[in-house]
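Thanks for coming, everyone. Let me put the model on the screen, and then I will walk you through it.

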Number of protein chains: 2
Amino acid sequence: MDKKQKVMISARKLFAENGFYSTATAKIAKEAGVSNGILFHYFNTKDILIQELYNDLKDRLFKYTADQIYKGATLKESIYTLWLASLEWNMENPEDFVFMRQFENSHYFNEQIYGNHRFVQMSLELAEKGIDQGILKKVPPMLLVQTMSGMVETSVTYLKAHPENAANQDFKDRLFELAWDAIKK
Amino acid sequence: MDKKQKVMISARKLFAENGFYSTATAKIAKEAGVSNGILFHYFNTKDILIQELYNDLKDRLFKYTADQIYKGATLKESIYTLWLASLEWNMENPEDFVFMRQFENSHYFNEQIYGNHRFVQMSLELAEKGIDQGILKKVPPMLLVQTMSGMVETSVTYLKAHPENAANQDFKDRLFELAWDAIKK
DNA sequence: AATCAGATTGACTAATCAGTCAATATTCTA
DNA sequence: TAGAATATTGACTGATTAGTCAATCTGATT
């Protein structure tokens with residue numbers, strides 16, 4: 001594995017464990033088993049490393065979720081699949097979840113960056129389609145997207161605090177009901 | 001105003017602007033117009049300052065919202081009042097909103113701390129009452145509470161990015177509809 | 001007036017950290 | 001194979017930071 005990859009993996013882990021600022025670049029390099037200098041060879045600044053990490057995560061989330069939506073699905077099925085895949089991705093990658101929460105609530109984040117990601121674009125298309133079909137509430141599509149993201153976040157947070165429900169498919173479906181009822185007409 | 005208060009006000013402002021770690025204690029003291037030493041006289045460590053700030057904010061949110069719920073209100077009215085008051089409090093105190101988002105997504109935060117606040121206790125009581133009355137979905141009350149909080153957060157984030165709607169009461173009512181539909185039976 | 005506890009100061013320190021750089025190693029290309 | 005380009009090292013630095021401390025001030029109590 002190349003050293004850029006190694007740095008990104010270690011960075012994700014340490015950032016999630018200790019936050020952006022409590023994690024020294026030197027520690028990241030050490031954990032990755034590479035020299036201090038090579039980190040700055042690939043990432044000019046610590047901020048750039050953090051930004052790239054975020055973009056990479058969003059890309060991975062996109063690929064993971066988009067793959068699971070099949071062509072002939074109804075709109076509700078597609079949204080359900082997207083919701084469940086997001087939930088499971090976040091449950092399976094707890095470090096990435098923490099990292100993303102931190103990033104999206106930091107000064108690094110803005111709506112511009114957010115709106116341009118393929119994951120958000122895909123979600124927006126679904127929202128618009130649903131509004132056109134009269135299935136979803138007639139509100140700005142971006143609001144529906146953010147509502148769904150927020151509900152995924154709430155669900156993940158709840159399941160982490162109450163892991164006894166994490167494997168219960170019925171309970172997950174119940175969680176989806178809350179999200180769906182929020183956006184459906 | 002006593003110097004402890006001055007420190008807390010400056011800290012809230014600077015933390016929200018630059019995050020916990022980019023804000024030096026010395027800068028907080030300077031902004032507050034007090035000496036470096038007095039900050040550590042009142043708050044043994046920077047972490048304690050951050051924790052106290054959070055508790056203080058939650059208390060203030062509780063007072064602000066609880067005051068507006070009147071005795072004879074129906075459950076839906078009470079929840080609406082709570083929701084709207086929370087929304088407005090967050091809109092009117094943008095620094096506090098940012099601070100709270102950062103705190104609740106940092107390692108400082110855990111469910112224990114969260115669940116013990118009066119604000120959450122009050123929300124929990126409403127949720128339980130609603131379930132008993134058959135008005136709200138029969139899911140764990142804490143899930144309903146977190147869902148409502150999440151929806152407030154989503155609404156605030158959306159309104160900040162689209163300020164043209166911020167003064168529109170109809171739009172706010174529309175936002176409440178999404179939240180209400182999520183939790184109602 | 002004498003005493004005392006708490007408030008307040010700001011210079012100081014030891015540690016930490018992001019980023020640099022000159023040197024060396026490795027890989028690629030012609 | 002020569003030479004260019006890129007990868008890699010790790011010691012180093014200048015800046016910043018949380019927290020300390022000895023000294024002074026203030027106001028209340030006896």
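**Helix packing, the dimer and the DNA**

I start inside chain B. Trp83(B), Ser86(B), Leu87(B), Asn90(B) and Met91(B) of α5(B) meet Met148(B), Val152(B), Ser155(B), Val156(B) and Leu159(B) of α9(B). Contact here means that the C-beta atoms of two residues, placed from the backbone, lie within 7 Å. Helices (H or I, at least four residues) and strands (E, at least two) are DSSP runs, numbered from the N terminus.

A word on the source. This is a predicted model, in which local features need pLDDT of at least 70 and side-chain atom pairs count only at pLDDT 80 or more, while totals for chains, interfaces and linings use all residues. Residues are numbered from 1 along each chain as its sequence is written, and chains are lettered from A and ligands numbered from 1 in the order in which they are written.

Back to that pair. The contact of α5(B) with α9(B) has seven nonpolar, three polar and no charged residues. On classes: Ala, Val, Leu, Ile, Met, Phe, Trp, Tyr, Cys and Pro count as nonpolar, Asp, Glu, Lys and Arg as charged, and the others, Gly among them, as polar. The axes of α5(B), residues 75-92, and α9(B) come within 10 Å and cross at roughly 45°. Axes are lines fitted to C-alpha atoms, for helices over the stretch in contact, and angles run from 0 to 180 degrees between N-to-C directions. The two helices, α5(B) and α9(B), are therefore oblique to each other. Under 35 degrees counts as roughly parallel, over 145 as roughly antiparallel, 65 to 115 as roughly perpendicular, and the rest as oblique. The crossing of α5(B) and α9(B) is right-handed. A crossing is right-handed if the near helix is turned clockwise from the far one by less than a right angle, and left-handed if anticlockwise.

Now chain A. How many helices and strands does chain A have? It has 10 helices and zero strands. Its C-alpha atoms fill a box of roughly 55 × 35 × 30 Å along the principal axes.

One pair in chain A. The axes of α5(A), residues 75-92, and α8(A), residues 118-132, come within 10 Å and cross at roughly 150°. That makes α5(A) roughly antiparallel to α8(A). Their crossing is left-handed. On the α5(A) side we have Leu75(A), Ser78(A), Ile79(A) and Leu82(A), and on the α8(A) side Ser123(A), Leu126(A), Lys129(A) and Gly130(A). By class, this contact of α5(A) with α8(A) has four nonpolar, three polar and one charged residues.

Next, the two chains together. How is chain B laid on chain A? By a turn of 180° and a shift of 0.0 Å along the axis, with an RMSD of 0.0 Å. That is the relation of a two-fold axis. The superposition is by least squares on the C-alpha atoms of residues with pLDDT of at least 70 in both copies. Both copies use the same surface, and 100% of the contact residues of chain B recur in chain A. Ala182(B) comes closest to the rotation axis among the residues of chain B, at 2.2 Å (C-alpha).

The interface takes 26 residues from chain B and 26 residues from chain A. On the chain B side, α1 (3-22), α6 (94-104), α9 (141-161) and α10 (169-183) each supply at least two residues. The largest share, 10 residues, comes from α9(B). That side of chain B divides into 10 nonpolar, 10 polar and six charged.

Look at α10 on α10. The axes of α10(A), residues 169-183, and α10(B) come within 7 Å and cross at roughly 145°. The crossing is right-handed. Leu178(A), Ala179(A), Asp181(A), Ala182(A) and Ile183(A) meet Leu178(B), Ala179(B), Asp181(B), Ala182(B) and Ile183(B). This contact of α10(A) with α10(B) holds eight nonpolar, no polar and two charged residues.

Last, the DNA. Near means that a residue's C-beta atom, placed from the backbone, lies within 6 Å of the strand. Strand D is surrounded by 15 residues, and the closest are Ser35(A), Gly37(A), Ala24(B), Gly37(B) and Lys46(B). Two or more residues come from each of α3 (36-42) of chain A and α2 (25-32) and α3 (36-42) of chain B. α3(A) gives the most, with four residues. The surface near strand D divides into five nonpolar, eight polar and two charged.

For strand C, 15 residues surround it, the closest being Ala24(A), Gly37(A), Lys46(A), Ser35(B) and Gly37(B). Which helix gives the largest share of the surface near DNA strand C? α3(B) does, with four residues.
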